[in-house]
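Happy to walk through this one with you. Have a look at the sequence and the model first.

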Amino acid sequence: MNDIAPYIFLGALLFAIGMVGFMTRRNLIVIFLSTELMFQGVVVNLVAMGRLHGQVDGQIFALFLLVIAAVEAGLALGLVVLLYRRKGTLDAESWSTMWG
Amino acid sequence: MTEMWVILIYGTFVLGGLALYFLLPTTGRSTKMAGAIFGLAALAGAMVLCSSRFLSASGANAFFYLSASVAIGSAVLMVVSEKPVYSALYFVLVILAVTPLLLLQHAEFLAIALVIIYAGAILVTYVFVIMLSQQSGPSIYDRRARSPLVAVLAGFTSMALVAGQMAVLPQEWAIQGTLVSSEAAADAAEMAGVGSNIEMVGRAMVSRYVVALEIAGVLLLVAMIGAIVVSRKKVPAEGPGLGGLPLGKAGREVPPF
């Protein structure tokens, strides 16, 4: 019997919800928010796994994941602002120039 | 017996997928009520799972149920909200609900860092960008989800498979005796004088993972320079996109920062 299965379950659910949001939403900002939600699922899983092994390595991986999330937020949101200035909309589909 | 619980795991994911599918914004008839009913059913299934002896001996307690329910509920609301500001605020709620779970796992430093960095820094960036670029009122592209059925199928099928395996595998490892109980390990670490969670994380960070730490610093610097370069770039306003999409205030030139 193990203690961490509920946490893995929760992490998988958060990841699945974020994945669905990433695929269905058309607003660029909400798409990036959904990736952050997937990060949360991964953080929960990493910490639970680290606890299962009695180590802090999972928490350190999660801290590096925070760094990546911050970097991604900074760069991606800069690009989003740039795209918005160019088209005047946040719709991801306005950038598909070939329809078929 | 085990098969029954695995079926319950998959059933919970099916119910959750149905809930999300019905809750996603559509332009047709509103199906929010059906989505809410399926969502409550999925939440009840998940609670039964977590309270069962199959999944956890002692791991789930009242704090876990409360925090996990809030986390999943606000995650769903984040994905289905039609206004991006609400999405951002629901995401703050997800983080605040995940934090107690990390505290339950004895990851105190990570919990505090998560609140400070995510809720305090990253989300503020998101809200700023939303304020810079949002048109008044919900726009047409926020009110219609893009291929919700395929997305829900893909996301929940893959995650149900992973979770179904993950919920069974650690038990097998534990039975083989390759893993020590986490509580016992934490107690042993305290006994050995390794110290608190912050001390353990700090020691590992500057000894075993020092190269990764330096690389993370370089990465942050590169991202900062990149963000400055990107946001200073002048772009010509192109006007509305193709396909006759209603674009609001399309083509309005916004001066760079």
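Some questions and answers on the two chains follow.

This is a predicted model, in which local features need pLDDT of at least 70, side-chain atom pairs count only at pLDDT 80 or more, and totals for chains, interfaces and linings use all residues. Residues are numbered from 1 along each chain as its sequence is written, while chains are lettered from A and ligands numbered from 1 in the order in which they are written.

Q: How many residues of chain B are in contact with chain A?
A: Two residues are in contact if their C-beta atoms, placed from the backbone, lie within 7 Å. On that basis, 72 residues of chain A are met by residues of chain B numbering 96.

Q: Which helix of chain B gives the most to the side that touches chain A?
A: Helices are DSSP runs (H or I, at least four residues), numbered from the N terminus. With 14 residues, the one that gives the most spans residues 148-176 of chain B: helix α6.

Q: Are α2(A) and α5(B) roughly parallel or roughly antiparallel?
A: The axes, lines fitted to C-alpha atoms over the stretch in contact, come within 12 Å for helix α2 (residues 28-52) of chain A and helix α5 (residues 108-133) of chain B. They cross at roughly 175 degrees, on a scale from 0 to 180 degrees between N-to-C directions. Angles over 145 count as roughly antiparallel, so α2(A) and α5(B) are roughly antiparallel.

Q: What is the mean pLDDT of chain B?
A: pLDDT is the predictor's confidence in each residue, from 0 to 100. In chain B, 75% of the residues reach 70 or more, and the mean is 78.

Q: What are the ipTM and pTM of the model?
A: Two scores are given for the model. They are ipTM 0.92 and pTM 0.83.

Note on methods: Helices (H or I, at least four residues) and strands (E, at least two) are DSSP runs, numbered from the N terminus. Angles under 35 degrees count as roughly parallel, over 145 as roughly antiparallel, 65 to 115 as roughly perpendicular and the rest as oblique.
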